[in-house]
Amino acid sequence: MWRAKHPKKEVERALQYAEISGWRVEPGGSHAWGRMYCPYNRIECRKGRHCIASIWSTPASAGDHARDLARVIDNCVFREQSN
(Lines give C-alpha, C1' and ligand atoms only; values in the text may rest on other atoms or scores of the structure.)
Protein backbone atom coordinates (compact mmCIF):
# COMPACT_ATOMS: atom_id res chain seq x y z
CA MET A 1 0.00 0.00 0.00
CA TRP A 2 1.30 3.42 -0.91
CA ARG A 3 1.77 6.10 1.73
CA ALA A 4 3.51 9.45 1.90
CA LYS A 5 7.12 9.33 3.04
CA HIS A 6 8.10 10.85 6.35
CA PRO A 7 10.29 13.96 5.86
CA LYS A 8 12.97 12.69 8.28
CA LYS A 9 15.00 9.86 6.75
CA GLU A 10 15.70 8.17 10.11
CA VAL A 11 12.00 8.07 10.96
CA GLU A 12 11.14 6.85 7.45
CA ARG A 13 13.55 3.92 7.91
CA ALA A 14 11.83 3.06 11.21
CA LEU A 15 8.45 3.17 9.46
CA GLN A 16 9.72 0.83 6.75
CA TYR A 17 10.91 -1.51 9.52
CA ALA A 18 7.43 -1.31 11.06
CA GLU A 19 5.78 -2.22 7.77
CA ILE A 20 8.16 -5.14 7.20
CA SER A 21 7.29 -6.31 10.72
CA GLY A 22 3.59 -6.29 9.85
CA TRP A 23 2.61 -3.00 11.46
CA ARG A 24 0.15 -0.68 9.70
CA VAL A 25 1.40 2.90 9.23
CA GLU A 26 -1.29 5.53 8.72
CA PRO A 27 -0.30 9.13 7.97
CA GLY A 28 -2.57 11.88 9.23
CA GLY A 29 -3.76 13.27 12.50
CA SER A 30 -4.00 16.53 14.33
CA HIS A 31 -0.63 16.97 16.04
CA ALA A 32 1.19 13.89 14.82
CA TRP A 33 2.40 12.95 11.34
CA GLY A 34 0.55 9.68 11.80
CA ARG A 35 0.27 6.50 13.81
CA MET A 36 1.46 2.94 13.55
CA TYR A 37 -0.68 0.01 14.65
CA CYS A 38 0.42 -3.43 15.81
CA PRO A 39 -0.87 -6.34 13.71
CA TYR A 40 -1.77 -8.31 16.86
CA ASN A 41 -3.83 -5.54 18.54
CA ARG A 42 -4.35 -7.40 21.81
CA ILE A 43 -5.63 -5.75 25.00
CA GLU A 44 -2.88 -7.49 27.03
CA CYS A 45 -0.16 -5.78 25.03
CA ARG A 46 1.52 -2.60 26.31
CA LYS A 47 -0.71 -2.43 29.37
CA GLY A 48 -3.94 -2.04 27.42
CA ARG A 49 -2.75 0.56 24.92
CA HIS A 50 -3.15 -1.90 22.02
CA CYS A 51 0.26 -1.21 20.51
CA ILE A 52 -0.48 2.13 18.91
CA ALA A 53 2.40 4.56 18.57
CA SER A 54 2.28 8.18 17.44
CA ILE A 55 4.70 9.31 14.76
CA TRP A 56 5.80 12.92 15.19
CA SER A 57 6.31 15.07 12.14
CA THR A 58 9.11 17.23 13.56
CA PRO A 59 10.71 15.41 16.50
CA ALA A 60 13.44 17.23 18.43
CA SER A 61 15.79 14.37 17.51
CA ALA A 62 14.80 12.29 14.49
CA GLY A 63 17.30 9.57 15.44
CA ASP A 64 15.94 9.26 18.97
CA HIS A 65 12.35 9.17 17.74
CA ALA A 66 13.23 6.50 15.16
CA ARG A 67 14.88 4.39 17.89
CA ASP A 68 11.81 4.81 20.10
CA LEU A 69 9.52 3.62 17.31
CA ALA A 70 11.74 0.61 16.61
CA ARG A 71 11.79 -0.19 20.34
CA VAL A 72 7.98 -0.30 20.40
CA ILE A 73 8.05 -2.86 17.58
CA ASP A 74 10.85 -4.92 19.12
CA ASN A 75 9.24 -4.97 22.58
CA CYS A 76 5.89 -6.28 21.39
CA VAL A 77 5.15 -9.32 23.58
CA PHE A 78 3.04 -11.02 20.92
CA ARG A 79 5.69 -10.55 18.24
CA GLU A 80 8.08 -12.62 20.34
CA GLN A 81 5.46 -15.32 20.88
CA SER A 82 4.66 -15.64 17.18
CA ASN A 83 8.31 -16.26 16.17
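Strands β2 and β3 pair in the antiparallel sense, over 4 bridges. In this pairing, Gly34 stands opposite Ile55 of β3. The model shown here is predicted.

β3 itself has two unlike faces. Its side chains alternate: Ala53 and Ile55 point to one face and are buried, while Ile52 and Ser54 point to the other and are not buried. This follows a general pattern, in which the side chains of a regular strand alternate between the two faces of the sheet.

The buried side of β3 leads to the core. The largest nonpolar core has 18 residues. Those with the most contacts inside this core are Leu15, Trp23, Val25, Met36, Ile55 and Leu69. At least two core residues come from each of α1 (9-20), β3 (52-55) and α2 (62-74), and α2 gives the most, with 5 residues. In soluble globular proteins, nonpolar side chains tend to be buried together.

Met36 is a useful place from which to look around this core. Apart from its neighbours within four places in sequence, Met36 is in contact with Leu15, Ala18, Trp23, Arg24, Val25, Cys51, Ile52, Ala53, Ile55, Leu69, Val72 and Ile73.

The helix α1 can be taken next. α1 has 12 residues and reaches 16 Å from its first C-alpha to its last, close to the 16 Å expected at 1.5 Å a residue. Which of its residues are buried? The buried residues of α1 are Val11, Glu12, Ala14, Leu15 and Ala18. Seen down the helix axis, these buried residues fall within an arc of 160°, so they line one face of α1. The general geometry of an α-helix is 3.6 residues a turn, so residues three or four places apart point the same way. On the other side of α1, Lys9 and Ile20 are exposed. The cover over the buried residues of α1 includes β1, β2 (34-37), β3 and α2.

Past the end of α1 comes a loop. Ser21 lies in this loop, between α1 and β1 (24-27). Is Ser21 buried or exposed? Ser21 counts as buried because its relative accessible area is 19%, and the cut-off for buried is under 20%. A polar atom of the Ser21 side chain lies 2.9 Å from the backbone oxygen of Tyr17. Gly22, which also follows α1, has a positive phi, near 100°.

Note on methods. Residues are numbered from 1 along each chain as its sequence is written. This is a predicted model: local features need pLDDT of at least 70, side-chain atom pairs count only at pLDDT 80 or more; totals for chains, interfaces and linings use all residues. Side-chain values use heavy atoms; hydrogens and water are left out. A nonpolar core is a set of buried Ala, Val, Leu, Ile, Met, Phe, Trp, Tyr and Cys residues joined through side-chain atoms within 4.5 Å. Buried means under 20% relative accessible area, exposed over 50%, partly exposed in between (1.4 Å probe, protein chains only). Contact means heavy atoms within 4.5 Å. A polar contact is a pair of N or O atoms within 3.5 Å; within protein, one must be able to donate a hydrogen and the other to accept it, and residues adjacent in sequence count only if both atoms are side-chain atoms. The expected span of a helix is 1.5 Å times one less than its number of residues. The arc is that of the directions from the helix axis to the C-beta atoms. Two strands pair if DSSP finds at least two bridges between them.
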